[in-house]
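Reader: I should like to learn how to read helix packing, sheets, backbone exceptions and pockets in a model such as this one. May we begin with the packing?

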Amino acid sequence: MRKIREEWKVEIENLQKIERASANKVCQIRQYRLITPLFGGGVEAGIVDETNPIRETSIRGQLRFWWRATRGTGDVKDVKKREDEIFGGGGENASQSKVFVKVETINHGSLMSIFDVRRERRVRPIRGYEAIAYAAFPLQPSREQTEQQLNKVLSGVKFKLHISFPEEIRCDIEAALWAWETFGGVGARTRRGFGAIELLSVEENGVGKEVKKYSKNMAESQIRDDLRKFVKSNHRDQRIPHLSPETKFKVLVAKDAEDAWRIAIQKLKDFRQFRIDRRTGRRSPFGKSQWCEPDAIRNIVRGRRVNNLVEKFPRAAFGLPILFHFPQDGTIPDVALKPKDYERVASPLILKPIPCEDGAVAVAILLERELFPNGLVIEYEDKDKKIVNKNVKANLSANEAIILTKGGLTVLRNKTDVIEAFFDFF
């Protein structure tokens, strides 16, 4: 009997390994459309790329983030080790990704502006985007910019995601995909609803799969069921933004995705910029802010004491930095509220429209994490143009919450947790 040459044996074994791996590999084609405009997403920050609007690196980054948020249990080292095993990593223990991702753009969409500068050189949101403009402040132009110089967004984008991975990590990838599709998106400012996506179809290993959508009247319980299905409830490192089976969220019913997005952003604007007209005592966008931060800054900078002053900065819970500008008072410099030893803290609050089988819902959901491990500071220039940093606090006491509520900040409802108060308001 003729013996098989040794090199042939090796080749046959390699082919058999490839065959076994292919049989154990999940290959999907997932088709999406953007239900809100794409903000940024290109190589240059904040600028859209018309020829390549959706990048593979962006989606890989999103899947990594949402995997950590849903499946990343243990301390930071445990999470990093497992993440690198799935998605690949560099350094001494470099590993190759088990997940292949390829984007195929079907419709490149069309450019549009959120703001208009043509009328009397005044900057205004375009019709229908008055509420959305609050979340699009990085796009707001100066009066000197022309229509051609405006930063634009892309609407109407459609794409296919070709993704493959071993069957053994299906639970991890499906959790990341679900969270990304439900609470994430593509491009910049996804936590304020830009670049939100809708899953249109799924094909797995050549066979079409059913795409399940929420019912708008049952969405709250259905989202809770999916949180319990996809999110691990083990120990979480509080330095890592994450979800839990009991994560706080609220849902509002809307007629369509655009309406849901508008409602969510308007709610945030009304809460964070709660103002009252001194003459009428009624809510007004042109009235005095009822939040305590402006008076706290005046007190710190001028060194004056005011009775019943709450010298706290509770809106830090919505993300940092926050810039305070006092155009009506030339004695107060611009002030930045920042996390100590960090440049920024992303908002833990996500506002997102979710298309349903019979309409849409707006969802507000909170990513759990420790926000300010080293505390907060305000930064400003004194009279001598020297940079001043002063330690401040965000958390309200029960008595301070009562003082603010009675003093006019009725949306707080005596709560020390401003995010919880926002959920009530939502």
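Reader: At what angle do helix α2 and α4 pack, and how far apart are their axes?

Author: This is a predicted model, in which local features need pLDDT of at least 70 and side-chain atom pairs pLDDT 80 or more, while totals for chains, interfaces and linings use all residues. Numbering starts from 1 along each chain as its sequence is written, and side-chain values rest on heavy atoms, without hydrogens or water. An angle (0 to 180 degrees between N-to-C directions) is taken between axes fitted to C-alpha atoms, for helices over the stretch in contact. Helix α2, residues 56–71, packs against α4 at about 105 degrees, and their axes are 8 Å apart. The two helices are therefore roughly perpendicular (65 to 115 degrees; under 35 is roughly parallel, over 145 roughly antiparallel, the rest oblique). Helices (H or I, at least four residues) and strands (E, at least two) are DSSP runs numbered from the N terminus.

Reader: Which residues of α2 and α4 make the contact?

Author: Contact means heavy atoms within 4.5 Å. From α2 the participants include I59, L63, W66 and W67, and from α4 they include A175, A176, W180 and F183. By class the contact has 11 nonpolar, 2 polar and 2 charged residues; nonpolar covers Ala, Val, Leu, Ile, Met, Phe, Trp, Tyr, Cys and Pro, charged covers Asp, Glu, Lys and Arg, and the others, Gly among them, are polar.

Reader: In what order do the 5 strands of the open sheet stand?

Author: Strands pair when DSSP finds at least two bridges between them. Here the order is β2-β7-β1-β8-β9, with antiparallel pairing. The edges are β2 (100–107) and β9, each pairing on one side only, and the twist averages 25 degrees from one strand to the next. Helix α2 packs on this sheet by touching β2 and β7 (158–166), and its direction makes about 125 degrees with that of β2. Strands β8 and β9 are joined by 3 bridges, with E204 opposite V207.

Reader: Where is N205, and what is the sign of its phi?

Author: Most residues other than glycine have a negative phi, and most peptide bonds are trans. N205 has a positive phi of about 50 degrees, and it sits in the loop between β8 and β9. As for the peptide bond, the one from L320 to P321 is cis, with omega near 5 degrees; P321 belongs to the loop between α7 and β13.

Reader: Why is one side of β13 and of β18 left without a neighbour in the sheet?

Author: The open antiparallel sheet of 4 strands has the order β13-β14-β17-β18. β13 (322–324) and β18 (387–392) stand at its edges with a single partner strand each, so one side of each has no neighbour there. Strands β17 and β18 pair over 6 bridges, and their hairpin has 5 residues between them, with K385 in the turn at a positive phi of about 65 degrees. Helix α7 (293–302) lies across the four strands β13, β14, β17 and β18, at about 60 degrees to β17.

Reader: What lines the second largest pocket?

Author: On a 1 Å grid over protein atoms alone, a pocket is an open set of points with protein on both sides within 12 Å along at least five of seven lines, and lining residues have an atom within 4 Å of a point. The volume, about 780 Å³, is the space filled by probe spheres (1.4 Å) set on the points, which are joined across faces, edges and corners. The lining has 25 residues, with R30, W178, E181, L199 and K212 nearest the centre. Its largest share, 5 residues, comes from α4, and the lining divides into 11 nonpolar, 3 polar and 11 charged residues.
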